[in-house]
Amino acid sequence: MASLNVAVPGIARETHASQTQLSWIIDSYSLVFAALLLLAATLGDRFGRRKALLGGLGLFTVISAAATFSSDPGVLIVLRAALGVGAAFVMPATLSTITSTFPKEQRTRAVSIWSAVAGASAVLGLLASGVVLEAWSWRSVFWLNVVMAVLALIGTYLFVPESADPDKQRVDIVGATLTVLGLGVLVYSIIEAPEHGWGSAHTLAGIGIALVVLAGFVAWELHHPRPLLDPRLFRNMPFAAGSLSITLQFFAFFGFIFVIMQYLQLVRGDSALVAAVSILPMPAAMIPMARNTPRIAARVGMRRPWIAGLIGVGVGLAILAQVDADSSYWLILTGLVPLGAGMGLAMTPATTAITDALPSRLQNVGSAVNDLSRELGGALGIAVLGSALNAGYRNNLDLEGLPGPVAEAAHSSLAAANVVGAKTGNTALIEQARDAFASGLQLALITGAAAALLAAIAVAVLLRRAPRKETETPAPDPETKVSQTA
C-alpha cells in the first residue's frame, strides 16, 4: 500500500492521471482490502489459513505482474482493487498465528515485534521503491511486489502449517455484501467530494447512503447466529479503544504518506530515492519505541504510553503542517521524529488491547478486527486527506487568463501543472501551483493531527474506568519457552 506512493508523481506524468484518479489508484487497493477482510478471514478459518495465504499470495503475484503492462489510469485502479482481494486473504493469518502460538505472558513481546515490522515496513517499502525508481519507471514497483510475493509464497509453503477452525461455520454472505457496499460508497463519496463539492447533494447523499448501509450491517450482525463481526464485542472498553485507536492512527499515518511523498517530489523537487530517504527518521524513531513499549507498559500500565503516543502523532503532524514550498528539511525532520515515536508507542498497546480482550478461540476475530481497523483507517485517511489536499490545491489556484487546455491540465493535478508550465515556459504557473499544493498539504496534515488527538481523547475516556488488569501489559518473561502449538 505504501510503496506505490513513491511512484505517484511518475504515474501522474506518464498516464496523465488526475489528482482524483491518483487517489483511486492508491485507495482502491486498501478499500477492497478493508471491505473483504472479515469475509476472507472467515473463509480462511473454514477452509484453511495456509490455503488462504497461498491463494492470496498467488493472486497478488499474478496481478502485480499484469499491472506492469498497464498505462491507463482506469485499468490501474481495477488492478489495484484486485490486489486488495489477494491481500485480504493473506493478512488475517499473520497476527492470529502469532497470538495463538505464543503463551499469554510472551504475547505482548511477540505483538510488539509484529507492530514494529508492520509499521516500519510501510516506510521501508517507500525506501525500496525509491531505490528501484532511480533506475526504472513506476512499473518497477509492481515488479518489486512480484519478487516479495514469491518470497512470501516460498516461506509460507516451507514454514506455515495448515490450520482451520474445527467448527465449520456458515459464511455470512449478507454481512459481507453490506460491508463492501457501505465502505465502497463511503470512500467513493469522500474521494469524489472535491469534484462535486463537499456540500453538494451528490456527496452528502453518498455519505448518507453509506452510513445507512453500515447501520444495516450492524443490525444484521446483531441478529445473525454466526456474524462476521459481533458488534457486542465493542462493549469491552479495551477492545473498543484499541480498534478506534488503530483506525485513527492509520487514518493519519497512511494519509500522511500519500500527501507527503507528492510534496517531497513535486514541490521540493526531490528524486524518488531522496524523498524515501527523507522519511527514514520516522521508522528510526518508530522501531525502537515499539520494541521498548512492553517494558514501559509493564511499569506504568498500558494507558499512559498509549495516550502519550497518540499525542506524539498529533504533535508531529501539527509541526509538519507548517511546511510550505520553501521550508527547510529541518522543519520536516522536527515533525517526523515525534510522529514515528508516537506511532511506535501507541501501536503495541492498541494491538495488545484487541488481542488480549478476546479468548483464544476468538483470536482470529481479534486479528481480523486489528487488520480491518488498520486498512479501513488507511483507506479513509487517504480518501479524506487526499480530498483535503485536492480541495486546498484547487481553491488556492488562480487560473484566470490562462488558455483553456493549460488551465484544465493545471487544475487536474500539480504534476500536470509542472508539465504544462515547463512546456509553455510559464514558471509563474509552476510556482503558483506549488504554493497552492503546499496550502492543500497544510489542510490535510492538520486534519490528520486532529484525528490523532481525537484518538488520544477517546482512549483516555474509554479506559478511565477499565480495571487495572485490563489496561496493564504483563512483563515479558525471557525464560518462558514459546509454545509450539498453533
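**Reading rings, a helix and a pocket**

Biologist: How many aromatic pairs does a search of the whole structure find?
Modeller: Nine of them. Keep in mind that this is a predicted model. One such pair is Phe69 with Trp143, whose ring centres are 6.4 Å apart and whose planes meet at 80 degrees.

Biologist: What does that angle make the Phe69 and Trp143 pair?
Modeller: Look at the planes: an angle over 60 degrees counts as edge-to-face. At 80 degrees, the Phe69 and Trp143 pair is edge-to-face.

Biologist: Where in the chain do Phe69 and Trp143 sit?
Modeller: In distant parts of it. Phe69 belongs to the loop between helices H3 and H4, while Trp143 is in helix H7, and the two are 74 residues apart.

Biologist: Is Phe69 buried or exposed?
Modeller: Check the relative accessibility: over 50% is exposed and under 20% is buried. Phe69 has 67%, so it counts as exposed. Trp143 has 42%, so it is partly exposed.

Biologist: Why is the pair of Tyr393 and Phe437 called edge-to-face?
Modeller: Because the planes of those two rings stand at 70 degrees, with their centres 6.3 Å apart. Tyr393 is part of helix H16 and Phe437 is part of helix H19, so this pair ties together parts that are 44 residues apart in sequence. Tyr393 and Phe437 are both buried. Rings can also group up: Tyr29, Phe33 and Phe60 make one aromatic cluster.

Biologist: Okay, on to helices. How does the reach of H11 fit what is expected?
Modeller: You take the distance from first C-alpha to last and set it beside a value based on 1.5 Å a residue. H11 covers residues 237-267, 31 residues in total, and spans 43 Å, close to the expected 45 Å.

Biologist: And what do we find at the start of H11, and what follows H11?
Modeller: At the start, a side-chain oxygen of Asn236 comes to within 3.1 Å of the backbone nitrogen of Phe239. After H11 comes Gly269, which has a positive phi, near 80 degrees.

Biologist: Is H11 mostly covered or open?
Modeller: Mostly covered, with 29 of its 31 residues buried.

Biologist: Now the largest pocket. How much space lies in it?
Modeller: About 1,500 Å³. To find your way around the largest pocket, start with the residues closest to its centre, out of the 45 that line it: Val90, Met91, Ser121, Met148 and Ala152.

Biologist: Which helix gives the most to that lining?
Modeller: H7, with 11 residues. Other helices join in too: H2, H3, H4, H5, H6, H11 and H16 each supply at least two residues of the lining.

Biologist: How do the lining residues of the largest pocket divide by type?
Modeller: There are 32 nonpolar, 10 polar and three charged residues in the lining.

Biologist: Last topic, distances. How far apart are Gly55 and Ala87?
Modeller: You can count along the chain or go through space. For Gly55 and Ala87 that gives 32 residues in sequence but 9.8 Å from C-alpha to C-alpha. Gly55 lies in helix H3, and with 43% relative accessibility it counts as partly exposed.

Biologist: What separates the C-alpha atoms of Glu221 and Gly344?
Modeller: A gap of 33 Å, for two residues that are 123 residues apart along the chain. You'll find Glu221 in helix H10. Its relative accessibility is 0%, so Glu221 counts as buried.

Definitions and conventions:
Residues are numbered from 1 along each chain as its sequence is written. Side-chain values use heavy atoms; hydrogens and water are left out. Helices (H or I, at least four residues) and strands (E, at least two) are DSSP runs, numbered from the N terminus. The expected span of a helix is 1.5 Å times one less than its number of residues. Buried means under 20% relative accessible area, exposed over 50%, partly exposed in between (1.4 Å probe, protein chains only). A polar contact is a pair of N or O atoms within 3.5 Å; within protein, one must be able to donate a hydrogen and the other to accept it, and residues adjacent in sequence count only if both atoms are side-chain atoms. Rings of Phe, Tyr and Trp (its six-membered ring) pair if their centres lie within 6.5 Å; planes under 30 degrees apart count as stacked, over 60 as edge-to-face and the rest as tilted. On a 1 Å grid over the protein atoms alone, a cavity is a set of points where a 1.4 Å probe fits but cannot get out, and a pocket is an open set with protein on both sides within 12 Å along at least five of seven lines; lining residues have an atom within 4 Å of a point. Grid points are joined across faces, edges and corners, and a volume is the space filled by probe spheres set on the points. Ala, Val, Leu, Ile, Met, Phe, Trp, Tyr, Cys and Pro count as nonpolar, Asp, Glu, Lys and Arg as charged, and the others, Gly among them, as polar.
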